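Visitor: I'd like to walk through this model with you, one question at a time. Could you reason each answer out for me?

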Amino acid sequence: VVAPQLPDCVAKISNQFAAIEAANPATEIFAFADSDGMVRDEQWLTSLVRPLETHDVSSGFRWYFPESRGLSARFHAAWDSALCMLHANTGTVWGGAMAFRKSFMQKMDLLAAWRTAATDDLMVKKRCDAVGGRVAFAPGAMVISEPIEALVPLWSWSVRQTLLVRATTFKVFARAFWRYADPAPLVWNWHLDAICLHLQAV
């Protein structure tokens, strides 16, 4: 499948468009994986799609294993292990291992949303929340990844990841990090929804 670059979205989403368009019309489930993720075992795909029996979107995550003793690689692994716990406990979506039914993709109107998206997974999360869908974490769909070995590229990666979350799903960002700002329980309401929408637009 040859994927032409679409004018208003990133290359990864252009590739996903091409794959979806080339799929058999009878396809019921779409599963996505990053090319640099190393699957753990032969049950990886089964583990990824099984939660769709009860949820609308399923997602694994990455786990960085540093092969060197360098500070950057170890810091990257530590940073992302915290993100993994956040991911597992807050129902976010990671595009390197995610799946959903074709019918739910259409319900989310995902292809229209992807056409101007900067990131695939956060847009899936945003559209899933908008239509009242549920996300399942699939621990058996974790993949092994290689961490960044130099501090400057790691800093750039960290800033980019944080900004993407803030720009695309600020409500998820706010919910996840509230505990670090105020130990009191967070009671969500429409006022906070409005504030998040405003800050996301700024």
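Visitor: Is Asp 129 buried, partly exposed or exposed?
Guide: Keep in mind that this is a predicted model. Buried means under 20% relative accessible area and exposed means over 50%. Asp 129 has 34% relative accessibility, so it counts as partly exposed.

Visitor: And which residue does Asp 129 meet in a salt bridge?
Guide: Look within helix H6, where the two partners lie four residues apart, about one turn of the helix. Their side chains come to 3.1 Å, N to O. The partner has 8% relative accessibility, so it counts as buried. It's Lys 125.

Visitor: How many salt bridges does a search of the whole structure find?
Guide: The Lys 125 and Asp 129 pair is a salt bridge, and so is the pair of Asp 34 and Lys 12. Lys 12 also forms one with Asp 120. The search of the whole structure finds four.

Visitor: How far apart are the closest N and O atoms of Asp 34 and Lys 12?
Guide: Asp 34 sits in the loop between strand S1 (29-33) and strand S2 (38-39), while Lys 12 is in helix H1 (residues 11-22), so you're looking at a link between distant parts of the chain, 22 residues apart. Asp 34 is partly exposed at 24% relative accessibility, and Lys 12 is partly exposed at 31%. The closest N and O atoms are 3.0 Å apart.

Visitor: Lys 12 also forms a salt bridge with Asp 120, so how many residues apart in sequence are the parts that this pair ties together?
Guide: In this salt bridge the closest N and O atoms are 3.2 Å apart. Lys 12 lies in helix H1 and Asp 120 in helix H6 (residues 120-130), so the tied parts are separated in sequence by 108 residues.

Visitor: Is Asp 120 buried or exposed?
Guide: Asp 120 is linked with Lys 12 and Asp 34 in a network of salt bridges. The cut-off for buried is under 20% relative accessible area. Asp 120 has 3% relative accessibility, so it counts as buried.

Visitor: Let's move to the strands. In the open sheet of three strands, which ones stand at the edges?
Guide: The order is S2-S7-S4, with mixed pairing. An edge strand has a single partner strand, so one side of it is left without a neighbour in the sheet. That description fits S2 and S4.

Visitor: What is the bridge partner of Arg 62 in S7?
Guide: S4 and strand S7 (residues 143-145) run parallel, and three bridges join them. In S7, the partner of Arg 62 is Val 143.

Visitor: Which residue in S5 stands opposite Phe 30?
Guide: S1 and strand S5 (residues 97-101) run antiparallel and are joined by five bridges. On S1, Phe 30 and Phe 32 make up the covered face, with Ile 29, Ala 31 and Ala 33 on the uncovered one. Opposite Phe 30 you'll find Phe 100.

Visitor: Which residue forms an aromatic cluster with Phe 17, Phe 32 and Phe 100?
Guide: We've just met two of these: Phe 32 on the covered face of S1, and Phe 100 in S5. The cluster is completed by Trp 114.

Visitor: There are seven aromatic pairs in the whole structure. What is the angle between the planes of Tyr 64 and Trp 157?
Guide: Tyr 64 is in strand S4 and Trp 157 in helix H7 (residues 151-168), 93 residues apart. Tyr 64 counts as buried at 12% relative accessibility, and Trp 157 does too at 15%. The rings are 6.4 Å centre to centre and edge-to-face, with an angle of 90 degrees.

Visitor: Last one: which residue forms a nonpolar surface patch with Trp 63 and Met 85?
Guide: Together the three have about 290 Å² of accessible area. The residue you want is in the loop between strand S4 (62-64) and helix H3 (71-90). It is partly exposed, with a relative accessible area of 44%. It's Phe 65.

Technical notes
Residues are numbered from 1 along each chain as its sequence is written. This is a predicted model: local features need pLDDT of at least 70, side-chain atom pairs count only at pLDDT 80 or more; totals for chains, interfaces and linings use all residues. Side-chain values use heavy atoms; hydrogens and water are left out. Patches are made of residues with over 30% relative accessible area and no salt bridge: like charges are joined within 9 Å, nonpolar side chains (Val, Leu, Ile, Met, Phe, Trp, Tyr) within 5 Å. Accessible areas come from the Shrake-Rupley method with a 1.4 Å probe; for residues, only the protein chains shown count as cover. Helices (H or I, at least four residues) and strands (E, at least two) are DSSP runs, numbered from the N terminus. Buried means under 20% relative accessible area, exposed over 50%, partly exposed in between (1.4 Å probe, protein chains only). Two strands pair if DSSP finds at least two bridges between them. Rings of Phe, Tyr and Trp (its six-membered ring) pair if their centres lie within 6.5 Å; planes under 30 degrees apart count as stacked, over 60 as edge-to-face and the rest as tilted.
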